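Subject: Structure handover

Hi there,

Here is the structure I promised to pass on. Have a look at it first, and my notes follow below.

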Amino acid sequence: MRDKPMLTIIVPCYNEEEVLNETMQQLGLVLRGMKERFAIHEDSDLLFVDDGSRDKTWEIIAGAMAKHDYINGVKLSRNFGHQNALLAGMQAAEGRADCIISIDSDLQDDVEVIPDFVEKYRAGYEVVYGIRDERKTDTRFKRGSAHLFYSMMGKFGIHLVPDHADYRLLGSLALQEMNLFPENNIFLRGIVPLIGFKSDKVYYHRKERFAGESKYPLKKMLAFAADGLTSFSVAPIRLVTGLGALMFVIAIVIGIYTFIQHLSGTATTGWSSLMLSIWVIGGVQMISLGVVGEYIGRIYSEVKQRPRFIVEQNSYVDSERLE
């Protein structure tokens with residue numbers, strides 16, 4: 001129902017014991033405020049997904065569920081990654097919620113704009129993107145790498161929403177279609193725009209992390225970018241083909257040059273063969289094998305059709321509230 005929708009706010013969590021109580025408090029205040037204004041259904045709730053945390057994250061979630069009926073939880077059997085934790089929450093909410101909002105637990109995304117998402121949904125939008133209006137809290141390197149990432153993705157034909165992460169609203173129609181995508185190498189930022197439906201944006205100021213450490217160091221960010229690129233485009237394979245053709249032309253030019261040097265008597269014995277065979281051809285082969293291997297690895301992962309996540313506990317389906 002658009003007038004008074006059932007809302008589920010999905011919060012993936014991984015080792016978030018330092019910030020989780022504050023997150024629950026702030027989101028709870030926003031949720032109660034919307035209920036009091038009759039903007040959402042009385043049974044709207046918060047759904048925390050524990051992505052195999054090694055600290056007391058699940059104990060905090062279970063304790064909150066025992067105290068508050070608007071807090072629910074899903075516990076994964078181990079760490080499956082941020083994107084899969086989001087999917088676990090989406091699948092748990094499908095068929096129950098009229099719309100969902102996904103938000104990270106670190107309180108960097110402004111919870112005060114959640115009512116704006118709901119108003120957009122009530123106005124008829126099925127997908128609403130949360131967009132950062134500035135990047136003052138990021139380091140210069142992170143700002144530069146983010147802009148490079150979006151630019152590179154656009155050049156490879158992958159259409160992303162700039163400055164949007166995973167702070168978004170999905171209506172029940174979009175959520176249903178989202179859960180139909182079967183791939184294991186999931187990249188939600190690229191898939192959501194593919195779904196279509198009427199969409200809009202909500203702009204907000206991104207804050208400093210409330211507590212704890214970022215779960216996305218440089219290594220994970222690079223892996224995330226590789227996932228997005230290889231999940232949506234074969235452009236790198238075509239780039240390798242073009243690079244091979246270019247190296248072939250360069251090899252011909254170098255071959256002509258070395259032949260001339262040989263005729264003039266100035267070439268050192270063995271120099272030309274070393275340059276051609278090791279530095280040019282060998283380098284291109286290694287790069288090509290790496291790119292092709294990336295795609296073969298993705299295919300290998302997909303054809304096994306292993307589950308993307310395993311749910312250990314789910315308060316929506318358990319007969320009793322988890323404690």
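Let me start on the outside: Ile252, Ile256, Phe259, Ile260 and Leu263 make a nonpolar surface patch of about 520 Å². Patches here are made of residues with over 30% relative accessible area and no salt bridge, joining nonpolar side chains (Val, Leu, Ile, Met, Phe, Trp, Tyr) within 5 Å and like charges within 9 Å. A salt bridge is a side-chain nitrogen of Lys or Arg within 4 Å of a carboxyl oxygen of Asp or Glu, and accessible areas come from the Shrake-Rupley method with a 1.4 Å probe, counting only the protein chains shown as cover for residues. Phe259 belongs to helix 9 (residues 235-264); helices (H or I, at least four residues) and strands (E, at least two) are DSSP runs, numbered from the N terminus.

Some ground rules: this is a predicted model, where local features need pLDDT of at least 70 and side-chain atom pairs count only at pLDDT 80 or more, while totals for chains, interfaces and linings use all residues. Residues are numbered from 1 along each chain as its sequence is written, and side-chain values use heavy atoms, with hydrogens and water left out.

Now to the strands. Seven of the eight residues of strand 6 are buried (under 20% relative accessible area, 1.4 Å probe, protein chains only), so strand 6 is largely enclosed by the rest of the structure. Strand 6 runs antiparallel to strand 4, with four bridges joining them, and also antiparallel to strand 5, again through four bridges; two strands pair if DSSP finds at least two bridges between them. Leu170 of strand 6 stands opposite Ile100 and opposite Val127. Ile101 has Leu169 as its bridge partner in strand 6 and is also the strand 4 partner of Ile9. Strands 1 and 4 run parallel, joined by four bridges.

In strand 4, Cys99 and Ile101 point one way, Ile100 and Ser102 the other, and all are buried. In a regular strand the side chains alternate between the two faces of the sheet.

Helix 4 (residues 114-122) has Ile114, Pro115, Phe117, Val118 and Tyr121 buried. They lie on the same side of helix 4, because they cover an arc of only 155° around the axis, taken from the directions from the helix axis to the C-beta atoms. Their cover includes strand 1 (7-13), helix 1 (20-36) and strand 7 (199-204), where contact means heavy atoms within 4.5 Å. Just after helix 4, Gly124 takes a positive phi of about 115°.

Happy browsing!

Notes
Buried < 20%, exposed > 50% of the residue type's maximum accessible area, 1.4 Å probe, protein only.
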